[in-house]
Structure formats: C-alpha cells, structure tokens
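Grab a pencil and have the coordinates open. Below are a few exercises, each with a solution worked out in steps.

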Amino acid sequence: MNTESRKIILIGNGCVGSSYAFAITLLGIGKELGIIDTNKKKTIGDAIDLSDAVSYSSQKKIYSADYQDCSDAQIVVISAGLPQKEGQTRLELLNSNLNLIKEIVENVMLTGFNGIFLVATNPVDILTKAVYKYSGLPKNQVIGSGTVLDTARLRKELSQDLGVDARNIHAYIMGEHGDSEFAVFSQALIGPIKLREWLTDMNPNFDVDFYFNKTEIKVRNTAYDIINLKGSTYYGIARSLAKITKAILDDDNSIMTVSTLLEGEYEENDIYIGVPAVVNKYGVVKVIDMELDEIEKKKFKTSAKIIKDRLKSCNLQD
Ligand code: NAD
C-alpha cells in the first residue's frame, strides 16, 4: 500500500472538487495535486490558476492529470458526478452517478493504484460501497466523507448557541449522509461536561429535548437551505475533505465520522455508513462503537435500513 507519496489525484473538478483543490493548496496539504475531469480544458486552467496561489501558501506541484497519474497516488478523491438540484434528495442521484463511479474506479485500478479512495459524490454511503466493491481494495483503503460535514455543522450550531469554541465540542452526527442522519446528543461533550448538563446548569428550566430536536432538524436541513439560496454546497464539504486528506497524509489518527464498512459494529454488517472512526495513513484503522441511547439506536437502524435497501436495489448488497 502506498503510504508515503503525498500525491493526491482529484477526479471531478466541479464546485466541490475545485473548492477542495483551493482548500488543500491554502492549507499546504500534500506535495502534488493532479486534477482529472471530463472538462480537460478547465483542469488545465485551474491548475495554472491554483499554481499562482502556491508561492504564498505551500510548495506543491499542481497539474491537469490523466488516469495513468493515479498509479503512485496516495489518495484519489472522487467528487465527479451530478449534484442535488433544488428539492432533490441525495438518494435520487444514485442512478446517474453509479455508472460514472464504476467507470472511474475501473480506470484508476487499471493503473495499479494502491492508495486510499476518498469519496464525496452523492449518495456518498452507497457510492463508497460501490467503490469498495469495484476496486477490490481492503475496506480500510476506501473511505466516504460520510457525516464529517454534518458533524461540522452540528458543532457550529452548538458553538454559536453556547459561546464555546467548536473545536472544544465533541458531538457527532451519525448515519446516512442524508435525510435519516441523526445527532448523538447522549454522548455530546462540551469540554469535559455532558451537553445536557451544560444546558441545565445554564438554566434548570431549559427544554433540552426541544432544543436537541430543533438543532438536529436545522443541521439536517442545512444542505437544502444552501441549495435553495445558491444552487449547491461546496465550501463546507471541501474543508471536510481537506481534513480527512490531512489525517491520512500526516498519519494523524484523527477521529471523524467518515463513511466506513461495518462488520458487526452497531449490530450492522456490510454497509458503508457514517460512524466515528480513527483515520491515519492506512485509512480507517478503527471504528468506534460508541454507546447510543435507545432512541439513537432506533435512528441508526432506520438509517442503516435505508442504505441497505438502496444497496440491494443496485445489486451492491448480498
Ligand atoms: P459539479 O456539477 O459542479 O461538478 C461535477 C464535476 O464532475 C464536473 O466538473 C464534471 O465535468 C465532472 N465529471 C462528470 N463526469 C465525470 C467523469 N466521468 N470523470 C471525471 N469528471 C467527471 O458538482 P459538485 O457541486 O461539484 O458536486 C459533485 C458531487 O459532490 C455531487 O454528487 C454532490 O452531490 C456531491 N456533494 C457531496 C457532499 C458531501 O458531503 N459528501 C457535499 C456537497 C456535494
């Protein structure tokens, strides 16, 4: 397995892909970035434009790439495919994006690629399982962006409401990156204090359950709100993908709610779904099987069932 080259290949240079390319350029992540897209001309233009940002940020070689450039890449990021339109769910993108993912993965694997696939294209949990199946790579080497973005959204909401730095908030959104995702409030910590305790300490009469419900709905609907306002979402996911990329390249052992294959954790098998997991240069090295309360367990089951049904419908589940 390639764990050292620090070379990233991005496939899909649209709103998400180009925002990710800009983010990793500014953050100094990786040593080399190759960009692939069916719109070759734009990849050439973007490579030149991004290279102009390199002198003031990081040393990196950035270029328009072809599939053969994947052979020694440490990470291939997939953000090619149709985005959601107004009123459309992520699951409705499945048919159009599945064939495209198959073709991309076959092209990458023909080069002898043996690094990590990081998938962002929606519906991300289903398509990450497709990448796992089509690539034949071990499960640790195939990762979806899962609910990393949704977790960032939850922490932002809590941070704004409580006046605490989002980086001191340990709270997770789990499940499908979609309408059945849910917040694990029972385990949420503000610094060392349980979130529920923090809220009732502030005001003993505070309606905590109402607040939890309202916040979960707000987080879940954020993507729809952004799409209604500007057509698509890309900066948040770009930053989340950059964080996952850094965890891999810098061997950070970071805990993030990526989409990963379950083998018994949370009493589920053979599905990719967003759960907290440890990520380092080998990819996902440990799934964290955290305790959920009874309601959260039910929400997880519902979310897992939605994914399983979709996987079955496209022959990706036995
Ligand atoms: P976009 O339309 O702006 O870009 C898609 C790009 O893919 C285009 O540049 C297109 O030319 C390219 N493309 C299409 N077929 C290709 C192929 N076979 N090979 C190479 N490139 C190809 O869309 P976007 O807004 O960048 O969204 C991309 C995907 O990311 C969508 O599926 C969207 O739903 C998803 N997304 C995921 C998250 C997340 O949290 N996982 C968040 C936002 C968007």
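**Exercise 1.** In which strand is the place of D270? Once you have it, look at the backbone and accessibility of D270, then do the same for Y266.

*Solution.* Keep in mind that this is a predicted model.

Step 1: D270 sits in strand β14.

Step 2: check phi. D270 has a positive phi of about 65°, although it is not a glycine.

Step 3: check accessibility. The relative accessibility of D270 is 28%, and the window for partly exposed runs between 20% and 50%, so D270 counts as partly exposed.

Step 4: turn to Y266, in the loop between β13 (259-263) and β14 (269-274). Its phi is positive too, near 55°, and this residue is again other than glycine. Y266 counts as buried because its relative accessibility is 9%, and buried means under 20%.

**Exercise 2.** Which peptide bond joins N122 and P123, cis or trans? Describe the surroundings as well.

*Solution.*

Step 1: read omega. It is about 0° between N122 and P123, and the bond is cis.

Step 2: place the pair. N122 is found in the loop between β5 (116-119) and α4, and P123 lies in that loop between β5 and α4 as well.

Step 3: ask whether N122 is buried or exposed. Its relative accessible area is 16%, which is under the 20% cut-off, so N122 is buried.

Step 4: list what N122 touches. Leaving aside neighbours within four places in sequence, N122 is in contact with Q84, R90, L93, N97, L127 and H177. Take N97 from that list: N122 and N97 are 25 residues apart in sequence, yet their C-alpha atoms are 7.6 Å apart in space.

Step 5: try P83, found in the loop between β4 (75-78) and α3. With neighbours within four places in sequence left aside, P83 is in contact with Q88 and L93. From P83 to T128 you count 45 residues in sequence and 16 Å in space, C-alpha to C-alpha.

**Exercise 3.** At what angle do helices α3 and α4 pack, and which residues meet?

*Solution.*

Step 1: pick the numbers you need. Two packed helices are described by the angle between their axes and the distance between the axes.

Step 2: fill them in. Helix α3 (residues 94-109) and helix α4 (residues 124-135) pack at about 35°, with axes 9 Å apart. The crossing of α3 past α4 is right-handed.

Step 3: write down both sides. From α3 come L94, N97, L98, I101, K102, V105 and M109; they meet I126, L127, A130, V131, Y134 and S135 of α4.

Step 4: sort them. The residues of this contact divide into ten nonpolar, two polar and one charged.

**Exercise 4.** What radius of gyration would a compact globule of 318 residues have, and what does the protein have?

*Solution.*

Step 1: get the inventory. The protein has nine helices and 16 strands.

Step 2: compare. A compact globule with 318 residues would come out near 20 Å; the protein has 19 Å, so the two agree.

Step 3: add the dimensions. The C-alpha trace spans about 60 × 50 × 35 Å along its principal axes.

Step 4: look inside and out. Buried residues make up 56% of the 318. About 14,000 Å² is exposed, with carbon and sulfur atoms supplying 51% of it.

Step 5: finish with the contacts. Take those between residues at least 6 apart in sequence: 71% of them join residues at least 24 apart.

Technical notes:
Residues are numbered from 1 along each chain as its sequence is written. This is a predicted model: local features need pLDDT of at least 70, side-chain atom pairs count only at pLDDT 80 or more; totals for chains, interfaces and linings use all residues. Side-chain values use heavy atoms; hydrogens and water are left out. Axes are lines fitted to C-alpha atoms, for helices over the stretch in contact, and angles run from 0 to 180 degrees between N-to-C directions. Helices (H or I, at least four residues) and strands (E, at least two) are DSSP runs, numbered from the N terminus. A crossing is left-handed if the near helix is turned anticlockwise from the far one by less than a right angle, and right-handed if clockwise. Contact means heavy atoms within 4.5 Å. Ala, Val, Leu, Ile, Met, Phe, Trp, Tyr, Cys and Pro count as nonpolar, Asp, Glu, Lys and Arg as charged, and the others, Gly among them, as polar. The radius of gyration is taken over C-alpha atoms; the globule rule is 2.2 Å times the number of residues to the power 0.38. Buried means under 20% relative accessible area, exposed over 50%, partly exposed in between (1.4 Å probe, protein chains only). Accessible areas come from the Shrake-Rupley method with a 1.4 Å probe; for residues, only the protein chains shown count as cover.
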